[in-house]
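Trainee: I should like to examine this structure with you, one question at a time.

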Amino acid sequence: MGDAGAKYHALREDYPGHTNGESLANGEENLELVNRAEEGLSSMSTEKNSIVPGVKRDGHFPSEEHTSVGKYRHVCRRWMKCLGWMFELAMDLLRSFHHVILGSKLNVLLLCVPLAIVGVPLQFGQGWVFLLSLLGMAPLAERLGFVTEQLSFVTGSTVGGLLNATFGNATEMIICIFALKNNMIRVVQLSLLGSILSNMLLVLGSAFLFGGLAHPKKAQTFRKATAQVSSGLLLMAVMGLLFPATLHATKTEMNSGVSELILSRFSSIVMLVAYTAYLYFQLRSHRELYDPEGEGVEGEAASDSDECKLAFWVSIAWLTILTIFISILSENLIDAIEGASTSWNVPVSFISVIILPIVGNAAEHASAIMFALKDKLDLSLGVAIGSSTQISMFVIPFCVVIGWPMGTDIDLNFQLFETTTLFITVLVVAFMLQDGTANYFKGLMLVLCYSIVGASFFVHLDHSE
């Protein structure tokens, strides 16, 4: 710094007009020389400071992040922020405990959850383990629907309905994954078929029935355009299931046992592509069909009666917790289903098609009825028909595709009796939805149709068993 200062002052002495803040006498030329002198001073200072540890060549001291101590402090701050966020989330979970766990009338059945978990090592018997797991899954599935409903306050009604249908089907998907793991292909097929039948007949019928009884002096309406799109997808799913079953029943396969498997995998990929296009159609290109004008007014009216009780990340945390417990109980169900069938003297097909879906669809059942009582049939259809569409066009082909690398040869041949039952059910529901209105009589007919289906599977002998 001493040499640089001497050079600078020597230049100033050559131009005495530049003293005590006065302007230079020689004008712009002399001003340029002084600026060059200042640049020389800056460059010499930088060269000298460059050898000083911890100082950059531009002459500025670095921030704390560029030193070892600074990096340590920066990491500590990030960990402290993370721990603080986790602590705050834990406190929010505790504060929301009474909303999630104690906010349902089915909370008494939550006592069955620990009993079902300890029933396996204590050898309660497969019949009791199956029953306790079944009863314990009912409140968990219903609370799963409540949490996804809370998410809809943040994501909107369209995405909220999609989330409700997706997490409402989480029970069936988890059950199917464990069944595929145990190579119980028939249980997967029958449980998914039963879920579709339950949603289309029992859930939708109950929504129409109770909604019509709650509003007897008016005709409840819903959007026909969206209902027709869903009916078309369901008919496409029936087509995908019908051809492999017919091919097998008529013995017209080119290669026995191979052709229907290849056809099923090809059809599954096509169905997944169609469902992906449907999501784009619903959420992007034709969103106005699902989010019509005036929804904001309805949303404001709904917000007055439906208060958002859970924050976004609290809802995500509860979804994770509930899904873990559902997974544990699902594994117990799959392991004990055959023992329960033997001890109860009830066919496995009846348990898979009727009993399991009724419990697994508890979330859809409660949500659809609740929306119908509030005269929001579009949301009821989004839950019931949307769930059936998702299972038929996504879950079933997804199981076929994921079973391919797992070495499990699951196909779309659900047998002729089961496929015929699904085909007639889709026709009945499509006929009920064609005019865009609902009443309690339509709901009663759908519920009675489900009772006929249940009785049929009770006397049906499944040769694959």
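Trainee: Over which residues near 300 does the pLDDT stay under 50, and how many contacts beyond four places in sequence does the model have for them?
Mentor: This is a predicted model, in which local features need pLDDT of at least 70, side-chain atom pairs count only at pLDDT 80 or more, and totals for chains, interfaces and linings use all residues. Residues are numbered from 1 along each chain as its sequence is written, and side-chain values use heavy atoms, with hydrogens and water left out. The pLDDT is the predictor's confidence in each residue, from 0 to 100, and contact means heavy atoms within 4.5 Å. The pLDDT stays under 50 over residues 292-305, and the contacts number three.

Trainee: Why should such a stretch not be read in detail?
Mentor: Predicted coordinates should not be read in detail where one value is low. That value is the pLDDT.

Trainee: Is Ser388 buried or exposed?
Mentor: Ser388 is found in helix H17, residues 377-406; helices are DSSP runs (H or I, at least four residues), numbered from the N terminus. Leaving aside neighbours within four places in sequence, Ser388 is in contact with Ile196, Asn199, Met200 and Leu234. Buried means under 20% relative accessible area, exposed over 50%, partly exposed in between (1.4 Å probe, protein chains only). Because its relative accessibility is 0%, Ser388 counts as buried.

Trainee: What is the relative accessible area of Val118?
Mentor: Val118 has its place in helix H5. Val118 is partly exposed, and its relative accessible area is 36%.

Conventions
Helix = DSSP H or I, 4+ residues; strand = E, 2+ residues; numbered from the N terminus.
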